[in-house]
Amino acid sequence: RSEIVVNVASMDWSRAERFLATQLVVAKARTTLEPISETTKIPLRDLEKDVKAELIGSSDVIAIQYANSDAAIALDVVKAVTAQYLLSLRDYEQVGNGRHRLLMPATLLEEPVSLKPIYAAFVGAIVGIAIGIFGIMLRTQAWRMK
């Protein structure tokens, strides 16, 4: 994960919000990820799926994160995405006076990102049961009305 502070101090709230939303798109754009895909030999589709860019809270900080079972690969990809994204920011320097800075360089997270299949199965089961009970109730009501 890496974190980048994007300078939007000179913008009004609406413009800053649009600018930050645009930056999230730029961070995950094909033009940002394609050179990394070529260098690392990771398919572009996988990068597009596994690279995450998000605003931290309601701040001006963008976090870039990549999950991979190999910590070294994950770190290399985050470093590359961050560097490529910072190059992209140069194109936007005329907006927000261009004083963006890297807040946290790419580092490994203390707690690795992992899928939670048991949690997902549990939530799915609960939702399925709720839908089933609702369907039985509707069917029972329709039967009583006949």
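Begin by selecting helices α2 and α4 in this predicted model, where the two pack at an angle of about 140° with their axes 9 Å apart, and where the crossing is right-handed. To see what makes this contact, show the side chains of Thr 31, Thr 32, Leu 33, Pro 35, Ile 36 and Thr 40 on α2, and those of Val 77, Ala 80, Val 81, Gln 84, Tyr 85 and Ser 88 on α4. Coloured by class, the residues of this contact divide into 7 nonpolar and 5 polar, with no charged residue among them.

Keep α4 (residues 71-90) selected and add helix α1 (residues 13-27), since the axes of these two come within 10 Å and cross at roughly 130°; α1 and α4 are therefore oblique to each other, and α1 passes α4 in a right-handed crossing. Here the residues to display are Gln 23, Val 26 and Ala 27 from α1, together with Val 81, Tyr 85, Ser 88 and Leu 89 from α4. By class, this contact of α1 with α4 has 5 nonpolar and 2 polar residues, and again no charged ones.

Next, turn to the largest nonpolar core, which has 25 residues, and pick out Val 6, Leu 47, Val 51, Ile 64, Tyr 66 and Tyr 85, the members that touch the most others. The elements giving two or more residues to this core are α1, α2 (30-40), α3 (44-50), β2 (51-55), β3 (61-66) and α4, and of these α4 gives the most, with 6 residues.

Finally, centre the view on Leu 47, which, leaving aside residues up to four places away in sequence, touches Leu 33, Ile 36, Ser 37, Ile 42, Tyr 66 and Val 77.

Key: Residues are numbered from 1 along each chain as its sequence is written. This is a predicted model: local features need pLDDT of at least 70, side-chain atom pairs count only at pLDDT 80 or more; totals for chains, interfaces and linings use all residues. Side-chain values use heavy atoms; hydrogens and water are left out. Axes are lines fitted to C-alpha atoms, for helices over the stretch in contact, and angles run from 0 to 180 degrees between N-to-C directions. Helices (H or I, at least four residues) and strands (E, at least two) are DSSP runs, numbered from the N terminus. Angles under 35 degrees count as roughly parallel, over 145 as roughly antiparallel, 65 to 115 as roughly perpendicular and the rest as oblique. A crossing is left-handed if the near helix is turned anticlockwise from the far one by less than a right angle, and right-handed if clockwise. Contact means heavy atoms within 4.5 Å. Ala, Val, Leu, Ile, Met, Phe, Trp, Tyr, Cys and Pro count as nonpolar, Asp, Glu, Lys and Arg as charged, and the others, Gly among them, as polar. A nonpolar core is a set of buried Ala, Val, Leu, Ile, Met, Phe, Trp, Tyr and Cys residues joined through side-chain atoms within 4.5 Å. Buried means under 20% relative accessible area, exposed over 50%, partly exposed in between (1.4 Å probe, protein chains only).
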